[in-house]
Amino acid sequence: MSCSMNLKNISYKKNNNYLFKNINLNLGHKEKMAIIGQNGVGKSTLIKIIAGLEEPTNGEITLFHNQIKNKKDFEKYRDEIGYLPQDVSNFFLCITVIEDIMFSLLTLGVDKKEAYSKSVNILKILNIIHLENRVIYELSGGEQKIVALAAILVKEPKILLLDEPTNALDEESEKKVLSILNSIEKSMIIVSHHKSFIQKLVSKIYKLEDKTLKNEPIYTHFYTQHSVVHGL
Ligand SMILES: Nc1ncnc2c1ncn2[C@@H]1O[C@H](COP(=O)(O)OP(=O)(O)OP(=O)(O)O)[C@@H](O)[C@H]1O
Ligand SMILES: [Mg+2]
């Protein structure tokens, strides 16, 4: 499997304390993985480092086989990485849903007609076409999250970094997002607390714990439930 992204000995220090130390991670081409872990262990910080929004204290990042030395190097790959922040309240740049989604395409040089049709299409796919002309800041938290996801997916980035993509979503929207992410053949890192969601989506789960990433057996949750059901 060719490599989309590689982290080598990534450490991050905050207020003289290491949040994590010597993290190594390899994300293969079209590979889907999840990062779990308790509140405050640094999952969002790690994702921001991979997205080029935070600089690690130490370590090397490689994107598409090219070493990234600074934020400027990241700029070359900005459009290849779709980053969904945990908190999307500062994510949007336009007033209405359709304007914001189209904007992300217009900045890529897509013409207005095509940008509109692609934007409408992604809204339909995500079952949120009824939000097309709504003012974003009047939307609910869950609606904003799924609109932000639409704005990312419409650009078809090569790597998706999704920080708690379902944390504000109802069951139906969660199912929709799951089926869409399952149908997309791209490299993905999903940070989530929803184990049942990620187990239906990824091939690897890592747990950020004790300042490092540990392999998490993927079917732990399933076997636990199974055992309970059968009284094993
Ligand atoms: N801008 C900041 N300034 C100061 N401390 C911060 C900042 N951002 C994060 N932290 C701290 O760094 C630690 C890790 O935060 P982070 O958001 O990465 O955790 P997380 O694993 O994503 O948690 P959660 O599951 O709650 O989202 C926390 O203790 C947090 O308080
Ligand atoms: Mg977080």
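Which helices each supply at least two residues of the lining of the second largest pocket? In this predicted model, the answer is α4 (112-125) and α6. This report describes the two pockets, then a metal site and one buried residue.

**The pockets**

The second largest pocket has 13 lining residues, and those closest to its centre are Ile122, Ile125, Leu153, Val154 and Glu156. Helix α4 contributes the most to this lining, with four residues.

The largest pocket is lined by 17 residues. Nearest its centre lie Arg78, Tyr83, Phe91, Ile152 and Lys155. Three elements give two or more residues to the lining of the largest pocket: β6, α3 and α5 (141-153).

The table sets out the volume of each pocket and the classes of its lining residues.

| Pocket | Volume | Nonpolar | Polar | Charged |
|---|---|---|---|---|
| Largest pocket | about 430 Å³ | nine residues | four residues | four residues |
| Second largest pocket | about 230 Å³ | eight residues | two residues | three residues |

**The magnesium site**

The magnesium ion (ligand 2) is coordinated by two residues, Ser44 through its OG atom and Gln86 through its OE1 atom. The distances are 2.0 to 2.1 Å. Ser44 belongs to helix α1 (residues 43-50), while Gln86 sits in the loop between β6 (81-84) and α3 (97-106), so the pair ties together parts that are 42 residues apart in sequence.

Are these two residues buried or exposed? Ser44 has a relative accessible area of 17%, and because buried means under 20%, Ser44 counts as buried. Gln86 has a relative accessibility of 36%, so Gln86 is partly exposed. The elements on either side of the Gln86 loop, β6 and α3, are also among those that give two or more residues to the lining of the largest pocket.

**Thr166 and its contacts**

Where does Thr166 lie? Thr166 is found in the loop between β7 (159-163) and α6 (171-183). Although Thr166 is in a loop, its relative accessibility is 1%, so Thr166 counts as buried.

Which residues does Thr166 touch, leaving aside its neighbours within four places in sequence? Thr166 is in contact with Glu174, Val177, Ser192, His194 and Phe197. Helix α6, which follows the Thr166 loop, is one of the elements that supply at least two residues of the lining of the second largest pocket.

Conventions
Residues numbered from 1 in each chain as written. Chains lettered and ligands numbered in written order. Predicted model: local features only at pLDDT ≥ 70, side-chain atom pairs only at ≥ 80, totals over all residues. Heavy atoms only, no water. Donors = N, O, S within 2.8 Å, 3.2 Å for Na, K, Ca; no water. Buried < 20%, exposed > 50% of the residue type's maximum accessible area, 1.4 Å probe, protein only. Contact = heavy atoms within 4.5 Å. 1 Å grid on protein atoms, 1.4 Å probe; cavity = no way out; pocket = protein on both sides within 12 Å on 5 of 7 lines; lining within 4 Å. Points joined across faces, edges and corners; volume = space filled by probe spheres on them. Nonpolar A, V, L, I, M, F, W, Y, C, P; charged D, E, K, R; others polar.
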